[in-house]
Amino acid sequence: MPEKDKNQQEGPDVRDNLIRISVDGETVFVNPDQYKPKAGQEGKRVKKMKRMPKNPKPGEWISEDYSKHKIADYKPFNFVDGEGVRCSLYVSGCLFDCPGCYNLAAQNFNYGRPYTQELEDQIINDISQPYVQGLTLLGGEPFLNTWVCNRIIDRVRKEFGHDKDIWSWSGYTWEELLQETPDKLKMLHNIDILVDGRFMDNLKDLTLQFRGSSNQRIIDVQKSFATPDQHPVIWDKLIR
Ligand code: SF4
């Protein structure tokens, strides 16, 4: 147990080898040595911190080899997954394995419930509300669930054309997606905004718009495809 500071003396925060801390409103002195990691623990901690997300080669991960066509969550009428009021579909399964991932459960391709016609009809009905700006696809990894994502994207375009916009998050970067399989390219061509890149714990910044780490970008997909060399054009409403 820490030693209580019965004297309440004024002075420096360090007394001999003890440091002063507050516990339940009382000042106590503790020996910092007792909080040092045990032999071997420090190495494990450093190793865990240094672990990086996976980096697939072009075409290495095929959506239909992994996807179980499952949905981790569906959140209609939210304000946080992109611009305006949005309906967000969270697909199940991701292989990037980013340390610090915000949605660990959704890394599992078996997590959640199947995507159904009934759910699709509900999404379309929700998006048809005049105050809804569009659809957002997140995960998990949307580009490893292209059967589901291309199906709902096609339906949104069929019902609303470009009156509603489509955002997608991805652990893939823009440059990686350009080298990917036809199903991923079809999906990329049909969305409006891509928030790209793995979550990097060492670049974490919670003040960024719609992103968790500073390597990630908000890319205007249609403007990017319109450039001669298909370079990524950053969303023109980016504030930070
Ligand atoms: S890409 Fe996203 S969902 Fe996948 S592991 Fe990284 S943070 Fe998690």
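Trainee: In which strand is the place of F77?
Mentor: The model is predicted: local features need pLDDT of at least 70, side-chain atom pairs count only at pLDDT 80 or more, and totals for chains, interfaces and linings use all residues. Residues are numbered from 1 along each chain as its sequence is written. Helices (H or I, at least four residues) and strands (E, at least two) are DSSP runs, numbered from the N terminus. F77 falls in the run of residues 70-78, which is strand β5.

Trainee: What does F77 count as: buried, exposed or partly exposed?
Mentor: A residue is buried with 20 or more other C-beta atoms within 10 Å of its own, exposed with 12 or fewer, and partly exposed in between, with C-beta atoms placed from the backbone. F77 has 13 such neighbours inside 10 Å, so F77 counts as partly exposed.

Trainee: What value is phi of F77 near?
Mentor: Most residues other than glycine have a negative phi. F77 is a residue other than glycine, yet its phi is positive. The value is near 55°.

Trainee: Where is D97 found?
Mentor: Phi of D97 is also a positive value in a residue other than glycine, near 55°. D97 has 14 C-beta neighbours inside 10 Å, so D97 counts as partly exposed. Strand β6 covers 85-91 and strand β7 covers 113-114. D97 is in the loop between β6 and β7.

Trainee: What does G93 count as: buried or exposed?
Mentor: G93 lies in the loop between β6 and β7. There are 24 C-beta neighbours inside 10 Å of G93, so G93 counts as buried.

Trainee: Which residues is G93 in contact with, leaving aside neighbours within four places in sequence?
Mentor: Contact means C-beta atoms, placed from the backbone, within 7 Å. Two members of the list are G140 and E141. The full list is Y66, S67, K68, Q107, N108, F109, G140, E141, L144 and N145.

Trainee: What separates the C-alpha atoms of G93 and F143?
Mentor: G93 and F143 are 50 residues apart along the chain. Their C-alpha atoms are separated by 9.9 Å.

Trainee: What is the peptide bond from G139 to G140: cis or trans?
Mentor: G140, a contact of G93, is found in the loop between β8 and α4. Omega of the bond from G139 to G140 is near 5°. That bond is cis.

Trainee: Which residues is V91 in contact with, beyond four places in sequence?
Mentor: Both ends of the cis bond, G139 and G140, are among the contacts of V91. The full list is I71, A72, L137, G139, G140, P142, N145, V148 and C149.

Trainee: Which helix gives the most to the largest nonpolar core?
Mentor: A nonpolar core is a set of buried Ala, Val, Leu, Ile, Met, Phe, Trp, Tyr and Cys residues joined through C-beta atoms within 7 Å. The largest one has 41 residues, and L89, V91, L135, I152, I191 and I193 touch the most other members. With 5 residues, from the run 146-160, the top helix is α4.

Trainee: Which residues are closest to the ligand?
Mentor: A residue is near a molecule if its C-beta atom, placed from the backbone, lies within 6 Å of it. 15 residues surround the ligand. The closest are C94, C98, C101, G171 and F199.

Trainee: Which residues does Q133 touch, not counting those up to four places away in sequence?
Mentor: Q133 is in strand β8, residues 132-138. It has 16 other C-beta atoms within 10 Å, so Q133 is partly exposed. Q133 and E83 are 50 residues apart in sequence but 7.5 Å apart in space, C-alpha to C-alpha. The touched residues are E83, G84, V85, R86, K164 and D165.

Trainee: What is Q216: buried or exposed?
Mentor: Q216 is in the loop between β10 (193-196) and β11 (217-220). Its contacts beyond four places in sequence are V195, D196, G197 and R211. The C-alpha atoms of Q216 and M200, 16 residues apart along the chain, are separated by 8.7 Å. Q216 has 22 other C-beta atoms within 10 Å, so Q216 is buried.

Trainee: What percentage of contacts between residues at least 6 apart in sequence join residues at least 24 apart?
Mentor: The protein chain has 7 helices and 11 strands. Of its 240 residues, 30% are buried. For contacts between residues at least 6 apart, the share joining residues at least 24 apart is 65%.
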